[in-house]
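Here are some notes for a colleague who has not seen this structure before. They go from single residues to surface patches and then to the chain as a whole.

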Amino acid sequence: MTEVVSRCYTKIKKNFKRKEMIILNILLLTASAVSNSAYDVISGFYNKKKADPYKYCLCIAVAVLLFFLFTSGFNLNFKLETLFWAILFGLCYFFTNVLYQASIRYGGVSLTALVMSYSLVIPTFFALIAYGEEPSWFFYLGLLFLFASLFFIGVPRNENKQPVKLIWFVIVGLGTLANGGCSLFFSHYQRLSGGNYGAEFMIIGMAIVIVLMTITILLNKKTTYEAKGSRAFLGLLAGGLNGLLHLINIELLKRMSASLIYPITSSIFMLITVIASRIFFKEKPDKLGRLAVIFGIISVVLLNL
């Protein structure tokens, strides 16, 4: 009788822990998507003020560096192999942030966030070439939806509905490549380190961004911007959210496959961002724009299955 009770207790305890793990994973996935979307919304608010994008990006990098410095408990162990990949990540992060802020000004938050999310294709292509991974039919179907989404974004409208500006396509295209570089170097370093991802990687990367942003600010003295007072607060807030996003994703990668994480978080992120853009920035896409968003969300999910 005692053995039966003991087995039942062990089974109940195991199932309870399993349910706790599922609930925690759901909370982490939701938190990742919300943090990502909140970062975009804050950047949208900042750019509506026509404020200095470089000093804003500098505040973001400082906040991310401090975030990982404190969350690490100052227990750091810098290695030479970390330095190389972290520098490449920092360079891509620098260009991603600068180009992202510029893209928002020309194309709005929702469309910019949508196209930037296509950057996940880059590490996928790299994995196919470098690691010899075989693409599934989901991948090819996702590419089809991606091209359809881009077509609906750029197709000429009638006289009352203007298409997005060509300069936005150029800037967001370069930003997407840079963002893809961030994902590529982030995931490749994780693979090389056997998943032993430390705060040192992000700290080195953000130090590179801070140096480059400072140089850019010093060389950009002639340009004047408004809303200087909100620069530090919004930048530090966005940087804190960005640091939290990376920390959550690191934890998620320890718990489940990336092929499960990215489709879920990307779809939730895009839905939240589109709704938030409609509420806060009055960004109401036309029929073709709505099709672009729908096809874009489907493509991001399929490309990461």
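**Notes on the predicted model**

1. Glutamate 200 is buried, with a relative accessible area of 12%. This residue belongs to helix 8, which covers residues 199-219. Please bear in mind throughout that the model is predicted. Which residues does glutamate 200 contact, once its neighbours within four places in sequence are left aside? They are Asn75, Leu76, Asn77, Phe78 and Thr82. Glutamate 200 counts as buried because its 12% falls under the 20% limit for that class.

2. Serine 103 is part of helix 3. Its relative accessibility is 0%, so serine 103 counts as buried. With residues up to four places away in sequence not counted, serine 103 touches Gly108, Thr112, Trp168, Ile171 and Val172.

3. Glycine 107 is also in helix 3, which spans residues 80-107. Is glycine 107 buried or exposed? At 16% relative accessibility, it counts as buried. Apart from residues up to four places away in sequence, glycine 107 touches Thr112 and Trp168. Both of these residues are also listed among those that serine 103 touches. A further pairing is with phenylalanine 169: the C-alpha atoms of glycine 107 and phenylalanine 169 are separated by 8.5 Å, while the two residues are 62 residues apart along the chain.

4. Lysine 282 sits in the loop between helix 10 (258-280) and helix 11 (287-303). With a relative accessible area of 62%, lysine 282 is exposed; the class applies because the value is over 50%. How many residues apart along the chain are lysine 282 and glycine 108? They are 174 residues apart, and their C-alpha atoms are separated by 10.0 Å.

5. Lysine 282 is also one member of a charged group on the surface. Arg278, Lys282, Lys284, Lys287 and Arg290 gather there in a patch of positive charge. For orientation, helix 10 is residues 258-280 and helix 11 is residues 287-303.

6. A second surface patch is nonpolar. Phe45, Ile275, Ile279 and Phe280 make it, and its area is about 400 Å². Which element gives the largest share of the nonpolar patch? Helix 10 does, with three residues.

7. Isoleucine 275, one of the residues making the nonpolar patch, is found in helix 10. Its relative accessible area is 52%, so isoleucine 275 is exposed. A reader can set this beside lysine 282, which is exposed at 62% and lies in the loop between helix 10 and helix 11.

8. Now the chain as a whole. Its secondary structure comes to 11 helices and zero strands. From the N terminus on, the elements accordingly read α-α-α-α-α-α-α-α-α-α-α. The chain has 305 residues, and buried residues make up 47% of them.

9. What share of the contacts between residues at least 6 apart in sequence joins residues at least 24 apart? The share is 89% in this chain. The contacts of glutamate 200 with Asn75, Leu76, Asn77, Phe78 and Thr82 can be looked up in the model as examples of contacts outside the sequence neighbourhood.

10. Last, the surface. The chain exposes about 16200 Å². Carbon and sulfur atoms supply 69% of that area. The two patches described above, one of positive charge and one nonpolar, are places on the surface to look at in the model.

Notes:
Residues are numbered from 1 along each chain as its sequence is written. This is a predicted model: local features need pLDDT of at least 70, side-chain atom pairs count only at pLDDT 80 or more; totals for chains, interfaces and linings use all residues. Side-chain values use heavy atoms; hydrogens and water are left out. Patches are made of residues with over 30% relative accessible area and no salt bridge: like charges are joined within 9 Å, nonpolar side chains (Val, Leu, Ile, Met, Phe, Trp, Tyr) within 5 Å. Accessible areas come from the Shrake-Rupley method with a 1.4 Å probe; for residues, only the protein chains shown count as cover. A salt bridge is a side-chain nitrogen of Lys or Arg within 4 Å of a carboxyl oxygen of Asp or Glu. Lys and Arg count as positive and Asp and Glu as negative; His and the chain ends are not counted. The place of a charge is taken as NZ of Lys, CZ of Arg, CG of Asp or CD of Glu. Helices (H or I, at least four residues) and strands (E, at least two) are DSSP runs, numbered from the N terminus. Buried means under 20% relative accessible area, exposed over 50%, partly exposed in between (1.4 Å probe, protein chains only). Contact means heavy atoms within 4.5 Å.
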